[in-house]
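Thanks, everyone, for making the time. I would like to walk through one model this morning, going from the whole chain down to a few pairings of its elements. Please have a look at it before I begin.

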Amino acid sequence: MALLSSLPDIIKYWSFQNRDLRSSIGMAFLISTLVFTGARAFAYQIVPARQFTVEDGLSQISVRSIAQDQLGYLWLGTQTGVDRFDGQKFVNFAQSYNPTNGFSSTFIFDMKIHPQSGDLWIANMIGLDVVDAKNGQVSSYQLRAEQQGDIAQSIFFDVNGDVWVGSSKALYVKRGAKDFVAVSGTQGFVQDIGSTEDGHLVIATDSGILFVDALAGTITQRLLIDRNVTSVFVDNANKLRVGTFAGDLMTFDMSNWQQSDEPRLLDTQQVSSSSINDIIQTEDDAIWLGTNEGIFIVPNPEQSNLIKYNHNGQGSQLPSENYVYSLYETINGEIVYGTLDDGFFVVSPKTVLFRSQSYEAGKSAKSVHKNNNNLLLVTDEGLSTLNMQLEPLRTYHVQKDGVTIDTTNSLFNAFESKQSGDVWLGTRFGLGKLIDADYIDIVAFADTLIYSVSETQDGLILLGTAGKGLILWDPQSSEVIHTWPFEMATGFYLANDYIFVSTLRGLHLIDPKTLAFRSFFNEANNSASLSFDVVTWVSKHSSNSYFVGTQGAGLSILYLDDWDSQPRFERLFADTAFGQVSIGAVVEDAKQNYWVSTEDGIVHIDNTMTKLDMFDAYDGANITGYYVGAAARLDDGRIVFAGGEQLTYFYPEDVQKLAQMPSLAFSQIDIINREEVISKGQKAMPLSLLASEQIKQVSLGADDIMIRIELSALEFASPEKIRFSFRLIGFDERWQDLERGENALVFTNLDPGRYTLHVRSTDRYGQWNEEFKALQILVQAPWWQTPIAISVWLVALLLIAYASYKWRTYKLVKNAYRLEQTIELRTQALEQANKKLERLSTQDPLTLTYNRRGFYQVAERSFAEFQREQHLFSIIMLDIDLFKSLNDSYGHEVGDKVLVAIAEDLRLAVRTQDVIARWGGEEFLVLLPHTDKAEAVLVAEKLRAMIDSNSYIVNNITINLTITCGVACVDEKKSIDATIRQADTLLYQGKENGRNCVVSKLSKLHDA
């Protein structure tokens, strides 16, 4: 059968081409070698690795060293300093001339976290930098001043907490508060440091291995003096693993080692053609080797078998031989490895839930069918038989005129007749049959593409073809009994009285007695109809219901009581990602749970049909998806799915999701007031993250209008799968979920008081953590809500009333003066006409701001500057809220005066280079040159707050107004009109959200 993503390749052989069928993503699958777990033998498998490069925010592509602090953050040493990674965002810390908050050099060779103090030790080109875990301050050390070019290469902490540093010229030790001292006799390039069970240090140098007594600080033995040793590691079995520059892995027995004797050499393996740079042992005891040619693994440390890890997977065209500098295992068991020019990778060996059996590269396993004692497997090579241990027994090839022919992409489905025992095969060449258990011959329908084969209860053969419909064929007489006009059938289900046929143009139901049929299709206005016309699977669910799988529209249940009843299709989990996948097969396990193969992986549905678990390549599923109908359930309960170049198999009861919730942290907190942004997060105090204490409370002053909190869950293998939820006690106690990919909370204009923010996250499987993290938020009251301020307000009201009277008198006098001037002005009217016309062509006559024409003239100059020099500018579109009601209540004269007053306030509130224009009615535009969106949002919020706090007195009428603003930046839309339209759209979004707010594309500011 065809891989879900390969259906378009089949479609080209017949006329049905009016659907866009989804393609699967090509990525990695698994590597394998045999290990044993209990009574079951499984392949040692590692899921694909997640890569992080500069495109993801990493500062530089060469990652030489990796460490993890006590809070769980990853620290990555590169050639441009140190990057801190929380699973969501990278923050880079580089060289600084301030010796207390920056590093002495940016080229990092090694990093270690001190196990007792938590301090971060960094080896660089200059010497050593140490970040104090308590206060984040940086101190620097030089190994030996008189040794020019002595570069620190490796760092090690012994059981006493003493610091050992290997450099390009010697080995050094620092005991307590003393200075570094060179260990006598250790001249040479020290490349790695390890230790034995008895506390001896094992030093890898360019001239062999040194054994050093850690207490005495003396060399006790030398080994391999003619070898350039690049890495050393003593494993859990007390075996010394030694990596050399020549790519050899040497294993020594240290169990009975005495200082007077050399350790016994157990084994030497040629791993790669060049250096083994790092060695670690993982939680499952496997030995990982980082080399110049990639990752190699010794799955069982008691054996010498060696496998190479391809993080891109079998069949991938991407390079896999990365130059691996460093290996690190996180506290959650994830393996992180840094490379020379590919960034770093994260892989989680603990998440393997499914096993696989792979075949020869390029030979896809397209169909699997269980007969009495074996499995029939269709590959590009031919028809293979496998025993119940999934071991190949024999492969049968297709022959034509006695000659084996090339069958690549030409074999689809095998079927063994229950009545005759004959094995039939659907091929691109016609109907194949296994002859004399020796070869496959094309016995009928030559040159007809036969995609699917099945058998009726009376021994007739059903053939799904491309272009010739569904054929009912008698194998005894070789006669065609009947043909139905179905476009290519993808599968069959034989119910008690009917035959269901899934096709690429609907689902069909056949009465085998009368040969009549019914067809079910998608109906645009009928939610109870078939979800999509490309049907890939049909099987029984209950006595009167059936599973129906589709291409790109998930899985449905068809309810059908009898032949004449009205069908009703009900989509399962339609509002989830599962509702958009392509279905390969559905298999029921012994506990009536269902396992579904898809283009993206494997899905588990419980027997209540209410719980859904989706698994992908990071769990061991085949990332390239599975073939239509290629599934089997074995007698021992195993379920087998075929797809790509592998069979995936598993015992359903063994599929247990890893119960491990990621650590949650507030990675950055920004507080914004009316004048500036105050960062209280880790960007302002980055190195204090090494401390065990985290921010537990923040305080907002009366002038602070917004707080933005970034969240991080320390999941590194699949950070994109993490979701966050929050509730703000004191404001809204309901949990609210952030959209997938969002990790920031924004609160604006909170009322004075005390709030408690609760935040939680999911794990990689979407399960919510029952525990949450809390942050106290204290909002101080503004001065005008104090008793003294209230008294001042009463006095101010009286003064305002008096000022209103004086203002009215002033306006009457001013109007009289204007009447006197009218006659004189008219005598000058003709003389000023041309100047006035010119002015009016670019100026709004009421507010004396720019009109549209004038605005465009100025905006075009800013846009030209943006195109020439990439100087951003932003546009604020603001609208006076409920202005029509003001006009209706007080008249247009009052409204016009209000417009004039607001225009004047806007002019005074912005910079001299900013441009204000009346866009129409009560709408204004503000153009802010050299201003990005974040800065424009602050300006807009300042204008909004100003208007909100002002009172306008017109004709003895006190008027309080608010405005709504939409903010857009030219960088987003690349044209003036598009930017204005975007600002206008955001403005009206703000109107819909309740007015008196600022809305931008990235965030929304509103009254709390």
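When I speak of helices and strands, I mean DSSP runs, with at least four residues for a helix and at least two for a strand, numbered from the N terminus. Counted in that way, the protein chain has nine helices and 77 strands, and I should say at once that what you see is a predicted model.

Let me stay with the whole chain for a moment. There are 1008 residues in the protein chain, and 55% of them count as buried. The accessible surface comes to about 44,500 Å², with carbon and sulfur atoms contributing 48% of that area. If we take the contacts between residues at least 6 apart in sequence, 54% of them join residues that are at least 24 apart.

Now to the strands, beginning with an open sheet of four, whose order is E32-E33-E34-E35 and whose pairing is antiparallel. At its edges are E32, residues 365-370, and E35, residues 392-396, each of which pairs on one side only. From one strand to the next, the twist averages 20 degrees. Within this sheet, E33, residues 375-379, and E34, residues 383-386, are held in register by four bridges in the antiparallel sense, and valine 378 has leucine 383 in E34 as its bridge partner.

Which strands does E69 pair with, and in what sense, parallel or antiparallel? Strand E69, which covers residues 773-779, runs parallel to E63, residues 697-700, and four bridges join the two; on that side, serine 699 stands opposite leucine 778. With E68, residues 753-761, E69 instead runs antiparallel, and here seven bridges join the strands, with histidine 758 opposite alanine 774. As a general reminder when you look at such pairings, side chains in a regular strand alternate between the two faces of the sheet.

Finally, the helices, where I have picked one pair: H6, residues 892-909, and H7, residues 933-949, pack with their axes 11 Å apart and at an angle of about 135 degrees. Angles from 115 to 145 degrees fall outside both the roughly perpendicular and the roughly antiparallel ranges, and H6 and H7 are therefore oblique to each other. The crossing of H6 past H7 is right-handed. On the H6 side the contact is made by Ile902, Asp905, Leu906 and Ala909, and on the H7 side by Lys942, Leu943, Met946 and Ile947.

Notes
Residues numbered from 1 in each chain as written. Predicted model: local features only at pLDDT ≥ 70, side-chain atom pairs only at ≥ 80, totals over all residues. Heavy atoms only, no water. Pairing = 2+ DSSP bridges. Buried < 20%, exposed > 50% of the residue type's maximum accessible area, 1.4 Å probe, protein only. Contact = heavy atoms within 4.5 Å. Areas by Shrake-Rupley, 256 points an atom, 1.4 Å probe, with all protein chains shown as cover. Axes fitted to C-alpha atoms, helices over the stretch in contact; angles between N-to-C directions. Parallel < 35°, antiparallel > 145°, perpendicular 65-115°, else oblique. Left-handed = near helix turned anticlockwise from the far one by under 90°.
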